[in-house]
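The following exercises concern the architecture of one chain and its contact with a partner. Please work through each task before reading its solution.

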Amino acid sequence: MQNSETSDFSWITLPASLESLEPCRCFVLEKADELRVPSEIVSKMELALEELLVNVVKYAYPEDAPGVVEVGCSASDGQLFCIQVRDYGRPFDPLSMSEPDRGLDIEQRPIGGLGIYLVRQMADRVRYEYAEGSNRFTCCFSCE
Amino acid sequence: MEFVGVKEPNGFVIRLKGRLDTVAAPQFDEKCGQWLEQGERHVVLDMTGVEYISSVGLRSILILGKKIMALGGKLHISSMSKLVGGVFQISGFSGIFPVFDSVDSALAKF
């Protein structure tokens with residue numbers, strides 16, 4: 001995926017806080033509706049979006065220096081619906097985290113760590129890059 | 001999210017309605033914690049009204065399950081939609097808690 005892919009994205013910028021989850025969700029749902037993305041795809045996208053946003057809200061910025069989150073979305077040729085989540089925190093590649101051990105029984109299973117795993121399961125394509133001072137996570141969903 | 005707790009002969013049914021997401025999870029933790037404090041040990045989580053779940057919601061269910069088991073009880077999950085059941089399965093949770101198609105079958109298996 002090239003950088004120019006995001007040139008036809010629509011964007012929203014909000015504080016990186018839990019209160020922004022709902023407005024971000026509404027923004028993307030509205031775009032998905034405009035672009036007639038099938039509802040099954042929308043559901044997957046919704047989950048991926050929440051997971052990515054929660055990661056930014058929780059980890060991107062220190063408590064005493066809050067920042068913003070940017071969410072962009074677009075569809076190319078109506079076949080691929082993509083969202084991108086950007087933050088301006090320290091560089092961090094979520095794809096470098098190891099997958100949770102799903103085979104562990106309940107006694108041994110650690111809490112958390114599922115978020116990025118679910119993103120990878122829901123999206124058809126994921127990509128991380130750090131560019132121009134921002135972490136940029138893109139996921140795309142095939143509408144075919 | 002809405003919560004209703006119903007005491008049945010075989011166990012306690014927690015009926016959920018809404019989205020079990022990051023925003024609802026703390027409320028879920030608190031409500032279920034209250035029911036545990038009241039002594040409920042055979043708990044069925046009725047997911048009929050749950051239209052969406054994210055990893056924070058899954059985490060809350062995991063914590064609830066761990067608490068119940070530490071108290072010598074059991075947690076059964078019932079009536080998940082295709083979407084929610086799919087997320088459960090993908091994240092491996094189907095192997096952790098017994099999953100049922102209905103509240104009745106979940107209650108019967110304690």
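Two residues are in contact if their C-beta atoms, placed from the backbone, lie within 7 Å. The model is predicted: local features need pLDDT of at least 70, side-chain atom pairs count only at pLDDT 80 or more, and totals for chains, interfaces and linings use all residues. Residues are numbered from 1 along each chain as its sequence is written, while chains are lettered from A and ligands numbered from 1 in the order in which they are written.

**Exercise 1. The contact between the chains**

Determine how many residues each chain gives to the contact, and which helix of chain B supplies the largest share of its side.

*Solution.* Step one is the count: chain B gives 20 residues and chain A gives 17 residues. Step two assigns elements, where helices (H or I, at least four residues) and strands (E, at least two) are DSSP runs, numbered from the N terminus. Helix 2 (55-70) and helix 3 (82-90) of chain B each supply at least two residues of the side that touches chain A. The largest share, 9 residues, comes from helix 2 of chain B. Step three sorts that side of chain B by residue type: 11 are nonpolar, 6 polar and 3 charged. Here Ala, Val, Leu, Ile, Met, Phe, Trp, Tyr, Cys and Pro count as nonpolar, Asp, Glu, Lys and Arg as charged, and the others, Gly among them, as polar.

**Exercise 2. The sheet of chain B**

State the order of the strands in the sheet of chain B and identify its edge strands.

*Solution.* Begin with the inventory: chain B has 4 helices and 5 strands, running β-β-α-β-α-β-α-β-α from the N terminus. Two strands pair if DSSP finds at least two bridges between them. The 5 strands form an open sheet in the order 1-2-3-4-5, with mixed pairing. Strand 1 (2-8) and strand 5 (99-100) are its edges, each pairing on one side only.

Next, follow the pairs. Strands 1 and 2 of chain B are antiparallel over 7 bridges, and they form a hairpin with 2 residues between them; within this pair, B:Val4 has B:Arg15 as its bridge partner. Strands 2 and 3 of chain B run parallel and are joined by 8 bridges, with B:Lys17 opposite B:Gly49. From strand 2 the chain crosses through helix 1 to strand 3 of chain B in a right-handed β-α-β crossover (with the strands pointing away from the viewer, the path from the first strand over the helix to the second runs clockwise). Strand 3 (residues 42-53) and strand 4 (residues 74-78) of chain B are parallel over 5 bridges, and B:Leu45 stands opposite B:Ile77.

**Exercise 3. Burial in helix 3 of chain A**

How many residues of helix 3 (residues 115-122) of chain A are buried, and what covers them?

*Solution.* First apply the criterion: a residue is buried if 20 or more other C-beta atoms lie within 10 Å of its own, exposed if 12 or fewer, and partly exposed in between, with C-beta atoms placed from the backbone. In helix 3 of chain A, 6 of the 8 residues are buried: A:Gly115, A:Ile116, A:Tyr117, A:Leu118, A:Val119 and A:Met122. Their cover includes helix 2 (39-60), strand 4 (125-131) and strand 5 (134-142) of chain A, together with helix 2 and helix 3 of chain B. For chain B as a whole, buried residues make up 42% of its 110 residues.
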